[in-house]
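Subject: Structure for you to look at

Hi,

Here is the structure I said I would pass on. Could you open it and follow along with the notes below?

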Amino acid sequence: MRTPASIRRLRPSVLFLLASAALVTACAVNPVTGKRQLMLISTAQEAALGAEADRAITTSYGLYDDAALSNHIAAMGEQMARDSHRPDLEWTFRVLDSPVINAFAVPGGYVYVTRGILPWLGSEAELAGVLGHEIGHITARHSAQRLSQAQLAQVGLGVGSALSGTFRRYSALAEAGVGLLMLSFSRENEREADRLGVEYATTGGWAAGEMANFFATLERMQPKSGGGLPDWLSTHPAPERRVETVRELAEEWRGRVEHATLMVNRDEYLRLIDGIVYGNDPRQGYVRDGWFNHPGLTFRFPVPGGWELLNEPARVQITEPDGEAAIL
């Protein structure tokens, strides 16, 4: 049975009205700014997404086996989270067993630092600033906002597909592009996370201006991930005057808190990370004389000359220099 032409003509309009209604009703008050914003992800959905992502992240990269270090970092993070704009979340702080220099957060209160970033931090105050920055991404709902934008784009793609056969044929490519655009935060997100990181670290009792030292270190070293987990600079686009701005914010917040002195704790931090594995962990596998050897799992295989090797807890991948072939 054919659909009447009048109904067929109404369908794009109905889709447009449904999308418009979603925009009108899907607003929420941002916990940090107190302003209403487009939000298609509820707090419960954030928690579910975070839990699912946490399982995948810990399986893929593994947790660093140092209970004292992990517990200390978790205690610092939980102290700041309790005084943040979203103390009601069930916060989780983890140290990943990865040599890559990075720290990141996913919705629902999950914050990660890699063991690779810890040797590049010069004090507990720098670590507090990094943790506060990632807590800020969660309290300001940056990831949820990016996901909402992606969902909104999908609504637009659905309407476009209904209106245009040509658009429908290319909608899969458009969807892939939208996904790539949502992989990192905006510079405005970074500015807000820097500001919140200074606030949370200072109210927690640390000298938040020390965080600027880490940002200055990143600018000098330009870390490269070498595949797998991305590095800090690829997931955190640096705002202009970042180092100077953080120091200015720290001075401003110093006058707002009641702490007689703010902690730096350089010596305490260096003792905490003393003996940390730096770079690739040979216990997880290493290449020698053209062979990959895994002492823990007792296997080995040849690695073709010039191929790039990516070793993670759940997989080993070697890739041909031109990217035309890979072995997993």
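A definition before the rings: I count Phe, Tyr and Trp rings (for Trp, the six-membered one) as a pair if their centres lie within 6.5 Å, and as stacked if their planes are under 30 degrees apart. Please also keep in mind that this is a predicted model.

**The overall picture**

The protein has 328 residues, and 44% of them are buried. There are 11 helices and 11 strands. If you take the contacts between residues at least 6 apart in sequence, 65% of them join residues at least 24 apart.

**Aromatic rings**

How many aromatic pairs does a search of the whole structure find? It comes up with eight. W91 and F93 are one of them: their ring centres are 6.2 Å apart and the planes make an angle of 15 degrees, so this pair is stacked. W91 and F93 are both buried.

Another pair to look at is F299 with F301. Here the centres are 6.3 Å apart and the planes are at 10 degrees, so these rings are stacked too. As for exposure, F299 is partly exposed, at 34% relative accessible area, and F301 is also partly exposed, at 23%.

Then have a look at F214, F215 and W232, which ring pairs link into a cluster. F215 also has an arginine to go with it: R242 lies over the face of its ring, 4.0 Å from the ring centre. There is a similar arrangement at W253, where R256 lies over the face of the ring at 4.4 Å from the centre.

**Helix 7 against helix 10**

Two packed helices are described by the angle between their axes and the distance between the axes. For helix 7 (residues 187-203) and helix 10 (residues 242-254), the axes come within 10 Å and cross at roughly 35 degrees. Is that crossing left-handed or right-handed? Helix 7 passes helix 10 in a right-handed crossing.

Which residues meet there? Helix 7 brings E190, D194, R195, V198, E199, T202 and T203, and on the side of helix 10 they meet R242, V246, L249, A250, W253 and R254. By type, the residues of this contact divide into six charged, five nonpolar and two polar. You will recognise two names from the ring section: R242 and W253 both take part in this contact, with R242 over the face of F215 and W253 under R256.

**Two positive phi values**

Most residues other than glycine have a negative phi, so I picked out a couple that do not. R241 has a phi near 55 degrees, a positive value in a residue that is not glycine. R241 sits in the loop between helix 9 (232-235) and helix 10, and is partly exposed, with 48% relative accessible area.

T298 is the other one to check, with a positive phi of about 50 degrees although it is not a glycine. T298 lies in the loop between strand 7 and strand 8, and at 69% relative accessibility it counts as exposed.

**Loop residues to click on**

- L297 is found in that loop too, between strand 7 (291-294) and strand 8 (299-302). L297 is exposed, with a relative accessible area of 55%. The C-alpha atoms of L297 and Q284 are separated by 8.6 Å, and the two residues are 13 apart along the chain.
- A314 lies in the loop between strand 9 (308-312) and strand 10 (315-319). At 53% relative accessibility, A314 counts as exposed. Leaving aside neighbours within four places in sequence, A314 is in contact with T59 and S60. From A314 to G62 it is 8.3 Å, C-alpha to C-alpha, with their positions 252 residues apart in sequence counted as separation.
- Y278 has its place in the loop between helix 11 (266-272) and strand 6 (286-288). Y278 is exposed, at 57% relative accessible area. Not counting residues up to four places away in sequence, Y278 touches R115, P119 and W120. Y278 and S98 are 180 residues apart along the chain, and their C-alpha atoms are separated by 9.4 Å.

That is what I have for now. Have a browse and let me know what you think.

Cheers

Notes. Residues are numbered from 1 along each chain as its sequence is written. This is a predicted model: local features need pLDDT of at least 70, side-chain atom pairs count only at pLDDT 80 or more; totals for chains, interfaces and linings use all residues. Side-chain values use heavy atoms; hydrogens and water are left out. Rings of Phe, Tyr and Trp (its six-membered ring) pair if their centres lie within 6.5 Å; planes under 30 degrees apart count as stacked, over 60 as edge-to-face and the rest as tilted. Buried means under 20% relative accessible area, exposed over 50%, partly exposed in between (1.4 Å probe, protein chains only). A charge sits over a ring if NZ of Lys or CZ of Arg is within 6 Å of the ring centre and within 35 degrees of the ring normal. Axes are lines fitted to C-alpha atoms, for helices over the stretch in contact, and angles run from 0 to 180 degrees between N-to-C directions. Helices (H or I, at least four residues) and strands (E, at least two) are DSSP runs, numbered from the N terminus. A crossing is left-handed if the near helix is turned anticlockwise from the far one by less than a right angle, and right-handed if clockwise. Contact means heavy atoms within 4.5 Å. Ala, Val, Leu, Ile, Met, Phe, Trp, Tyr, Cys and Pro count as nonpolar, Asp, Glu, Lys and Arg as charged, and the others, Gly among them, as polar.
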